Amino acid sequence: MEPILIQDVLKTLPHRFPFVMVDRVLSVQDGEVHALKNVTVNEPFFPGHFPQEPVMPGVLIVEALAQASMFCLHGQLEPGTIGYLAGVEGARFKRKVIPGDQLHLHAKLEFLRRGLGKTTCRALVDGEVAAEATILFAIAKG
């Protein structure tokens, strides 16, 4: 498949600046997604989150994983459908994410039944696990 560029990412996600956490989707295949978040020093959270040593907040890494998870359903959702975060299980943070990093977001759909879904996710920087979590979500009309 061709990568899903930001214009089409914005057609799928309801989020807008400063909460769009997916810049590009590299692949979607059999319920598995590989997406990117380019982390720049211009992110709005860096001036207030450890200003002397900027670190991406863990909750925003989880948000990026949750947003990437929605692409596990790429092409299966009706327009206007939104995925709402319903839970996070087993979140672990293994490495700092700093300006200049490229966050590779991986999500695998475990199940989707009656509007409730679950993905297992991990975020990598330079091939190293930065974070991992299981994301629970609910699908609803926006």
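Reader: In which sense do β3 and strand β6 pair, and over how many bridges?

Author: Strands of a sheet pair through backbone hydrogen bonds, either parallel or antiparallel. Two strands count as paired if DSSP finds at least two bridges between them. The elements themselves are DSSP runs numbered from the N terminus: helices are H or I runs of at least four residues, and strands are E runs of at least two. Here β3 and β6 (residues 128-141) pair in the antiparallel sense over 10 bridges. Within this pair, Tyr 84 stands opposite Ala 138 in β6.

Reader: On what basis should these values be read?

Author: The model is predicted, and local features need pLDDT of at least 70, side-chain atom pairs count only at pLDDT 80 or more, while totals for chains, interfaces and linings use all residues. Residues are numbered from 1 along each chain as its sequence is written, and side-chain values use heavy atoms, with hydrogens and water left out.

Reader: In what order do the six strands form the sheet?

Author: The order is β1-β2-β4-β5-β6-β3, in an open sheet with antiparallel pairing. The edge strands, β1 and β3 (81-93), each pair on one side only. From one strand to the next the twist averages 25°. For such angles, axes are lines fitted to C-alpha atoms, for helices over the stretch in contact, and the angles run from 0 to 180 degrees between N-to-C directions.

Reader: Which helix packs on the sheet, and which strands does that helix touch?

Author: Contact means heavy atoms within 4.5 Å. Helix α2 (residues 58-69) touches β2 (32-38), β3, β4 (102-113), β5 (116-125) and β6. The direction of α2 makes about 55° with that of β4.

Reader: Which strands are joined to β2 by bridges?

Author: Five bridges join β1 to β2, and these two strands run antiparallel. One bridge links Gln 29 with its partner in β2, Glu 32. The hairpin of β1 and β2 has two residues between the strands, and Asp 30 takes a positive phi near 50° there. Strand β2 also pairs with β4, in the antiparallel sense over seven bridges; His 34 has His 106 in β4 as its bridge partner.

Reader: Is β2 mostly covered or mostly exposed?

Author: Buried means under 20% relative accessible area, exposed means over 50%, and partly exposed lies in between (1.4 Å probe, protein chains only). Strand β2 is mostly covered, with five of its seven residues buried.

Reader: Which residues touch the most other members of the largest nonpolar core?

Author: A nonpolar core is a set of buried Ala, Val, Leu, Ile, Met, Phe, Trp, Tyr and Cys residues joined through side-chain atoms within 4.5 Å. The largest one has 37 residues, and those touching the most other members are Val 22, Val 25, Met 56, Phe 71, Val 97, Leu 103 and Leu 105. Two or more residues come from each of β1, β2, α2, β4, β5 and β6, and α2 gives the most, with seven. Phe 71, for its part, touches residues including Ile 4, Val 9, Leu 13 and Val 33.

Reader: Why is Cys 72 not bonded to Cys 121?

Author: A disulfide is a covalent bond between the sulfur atoms of two cysteines. It is assigned to a pair of cysteine sulfur atoms within 2.5 Å. The sulfur of Cys 72 has its closest cysteine sulfur in Cys 121, but the two are 7.0 Å apart and therefore too far for a bond. The count of disulfides comes to zero. Cys 72 is buried at 2% relative accessible area, and Cys 121 is likewise buried, at 6%.

Reader: Which side chain makes a polar contact with that of Asp 101?

Author: A polar contact is a pair of N or O atoms within 3.5 Å; within protein, one must be able to donate a hydrogen and the other to accept it, and residues adjacent in sequence count only if both atoms are side-chain atoms. Asp 101, in the loop between β3 and β4, makes such a contact with the side chain of Arg 95 (3.2 Å). Asp 101 is buried, at 10% relative accessible area.

Reader: Where is a cis peptide bond found?

Author: A cis peptide bond joins Phe 17 and Pro 18, with omega about 5°. Pro 18 is found in the loop between α1 and β1.

Note on methods. Lists of a residue's contacts leave out its neighbours within four places in sequence.
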